[in-house]
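Visitor: Could you walk me through this model, one question at a time?

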Amino acid sequence: MLLCISILAADQPPLYFRCIPCDASRENDLRLFVYSSLDVFDEKATSSRPDQELFLGSLFLNNKFKSYGYLTNTQIKFLAVIDATNPTLKEQDLRALFKKVHQGYSAAICNPFYELGTPIQSRALNALVDNRVD
Amino acid sequence: MPPPSVPSLLGTEFPFNFLHAEIIKYYIEKHEANKAKRAEFLESTRLSEDSQILESDRNVYNHFALRGNPETRIEALGYRVGYALVEKVARDIPRLSTELEKMKFICKDFWMAAFGKQVDNLRTNHQNIYVVQDNKFFTVASLAEGTQYLKEAAIYLAFPAGVVRGALANLGIKSVVQPTIETLPVVKFNVHLHKSV
């Protein structure tokens with residue numbers, strides 16, 4: 001089950017973070033988990049492969065999170081965190097999800113009213129998370 | 001072949017040329033008007049005995065005390081456009097790992113999507129300078145061939161130079177792009193890369 005999606009760029013505050021509705025402590029755990037996954041991103045970046053994935057089976061408060069990563073050519077990182085206890089989402093689904101996130105991100109960038117580097121507010125991206133929770 | 005997800009400019013060339021010409025005209029006229037206002041303001045303060053800037057004049061003063069010529073403003077417009085456009089064009093292609101791959105991508109796929117054709121010549125001196133040559137650049141394609149309108153054509157390259165700079169910036173390369181013309185419509189872009197050693 002998809003828990004959250006995050007978009008981060010190098011040297012900037014996070015551009016986008018959206019998780020399923022849950023209590024604040026879980027959201028903080030998710031954020032912490034996302035940031036710790038960033039280190040693995042840099043490791044994988046040196047080994048050249050087109051799409052990157054990462055598995056982090058960390059234990060957070062008796063919950064297991066698994067995060068997947070995707071690095072675009074423009075050095076933007078997408079992260080998706082799923083609940084590792086019921087792995088209903090398969091790798092193929094996640095690849096398709098990241099394609100959609102990439103489309104949503106490039107659409108948000110093309111918005112002339114969007115200032116580069118500020119947090120993204122996009123209904124299309126929000127719908128990606130909200131529609132998955134069912 | 002342009003990437004299927006991005007329409008090449010060839011289909012919308014006509015409206016863009018009109019808009020581009022109006023943008024250039026607007027910025028040049030605004031610049032002239034600002035220069036005139038600045039001169040007038042300086043005259044009036046020189047002649048008046050009370051040389052303090054009144055509160056009511058402060059806004060006016062700030063407005064044209066900011067200097068910035070049309071070239072830099074239009075180039076900044078192009079930067080934002082290039083930044084967004086390269087995100088769309090680079091969406092479905094495999095990873096570009098080396099700087100040379102990124103330059104080749106700019107010269108082929110990106111140039112096709114943004115300017116309607118591929119670049120004709122790419123040269124480098126292997127010391128962070130690339131010279132990109134396009135033998136029929138589309139913004140100046142309709143001007144007379146030869147050397148008649150070199151000075152006037154220069155402003156028509158400010159926007160594309162910004163587009164290229166924005167595209168490189170989004171790919172992670174800081175650069176300075178200078179367009180030069182020797183004979184229309186052959187345009188060369190000198191791209192100086194800032195290498196972070």
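Visitor: Let's pick a histidine to begin with: which residues does A:His102 touch, leaving out those up to four places away in sequence?
Guide: Take contact as heavy atoms within 4.5 Å. With residues up to four places away in sequence set aside, A:His102 touches A:Tyr70, A:Thr72, A:Phe78, B:Glu87 and B:Arg91.

Visitor: Before we go on, what am I looking at?
Guide: This is a predicted model, where local features need pLDDT of at least 70 and side-chain atom pairs count only at pLDDT 80 or more, while totals for chains, interfaces and linings use all residues. Residues are numbered from 1 along each chain as its sequence is written, chains are lettered from A and ligands numbered from 1 in the order in which they are written, and side-chain values use heavy atoms, with hydrogens and water left out.

Visitor: Back to the histidine: is A:His102 buried or exposed?
Guide: A:His102 lies in helix α2 (residues 91-110) of chain A; helices (H or I, at least four residues) and strands (E, at least two) are DSSP runs, numbered from the N terminus. The classes go by relative accessible area with a 1.4 Å probe, protein chains only: buried is under 20%, exposed is over 50%, and partly exposed is in between. A:His102 has a relative accessible area of 3%, so the verdict is buried.

Visitor: Which side chain makes a polar contact with A:His102?
Guide: A polar contact is a pair of N or O atoms within 3.5 Å; within protein, one must be able to donate a hydrogen and the other to accept it, and residues adjacent in sequence count only if both atoms are side-chain atoms. At 3.3 Å, the partner of A:His102 is A:Tyr70.

Visitor: How much area do chain B and chain A bury between them?
Guide: The size of an interface is often given as the accessible area lost when the parts come together. Here buried area is what two parts lose on being put together, summed over both, using a 1.4 Å probe. In this model 15 residues of chain B are in contact with 19 residues of chain A. Carbon and sulfur atoms carry 50% of the buried area, and the total is about 1600 Å².

Visitor: How many residue pairs are in polar contact across that interface?
Guide: The salt-bridge count between chain B and chain A is zero, where a salt bridge is a side-chain nitrogen of Lys or Arg within 4 Å of a carboxyl oxygen of Asp or Glu. For polar contacts, with both residues at pLDDT 80 or more, the number of pairs is six.

Visitor: Which element gives the most to the side of chain B that touches chain A?
Guide: That side divides into seven nonpolar, one polar and seven charged residues. In this scheme Ala, Val, Leu, Ile, Met, Phe, Trp, Tyr, Cys and Pro are nonpolar, Asp, Glu, Lys and Arg are charged, and the others, Gly among them, are polar. With five residues, the top contributor is helix α3 (residues 70-89) of chain B.

Visitor: Which residue does B:Arg165 meet in a salt bridge?
Guide: B:Arg165 sits in helix α6 (residues 158-170) of chain B, and its partner, 90 residues apart, is in helix α3 of chain B. B:Arg165 is partly exposed at 24%, whereas the partner is buried at 16%. The N to O distance is 2.8 Å, and the partner is B:Glu75.

Visitor: And in chain A, which residue forms a salt bridge with A:Glu27?
Guide: Both residues lie in helix α1 (residues 24-46) of chain A, four residues apart, about one turn of the helix. A:Glu27 counts as partly exposed at 25%, and its partner does too at 30%. The closest N and O atoms are 3.4 Å apart, and the partner is A:Arg31.

Visitor: Which strand of chain A is joined to β1(A) by seven bridges?
Guide: Two strands pair if DSSP finds at least two bridges between them. Strand β1 (residues 2-9) of chain A has eight of eight residues buried, so it is largely enclosed by the rest of the structure. Four antiparallel bridges join β1(A) to strand β2 (residues 16-19) of chain A. The seven bridges, also antiparallel, go to strand β5 (residues 76-83) of chain A.

Visitor: Which turn residue of the β1(A)–β2(A) hairpin has a positive phi?
Guide: A:Ile7 has A:Tyr16 as its bridge partner in β2(A). Six residues lie between the two strands, and the one with a phi of about 60 degrees is A:Asp11.
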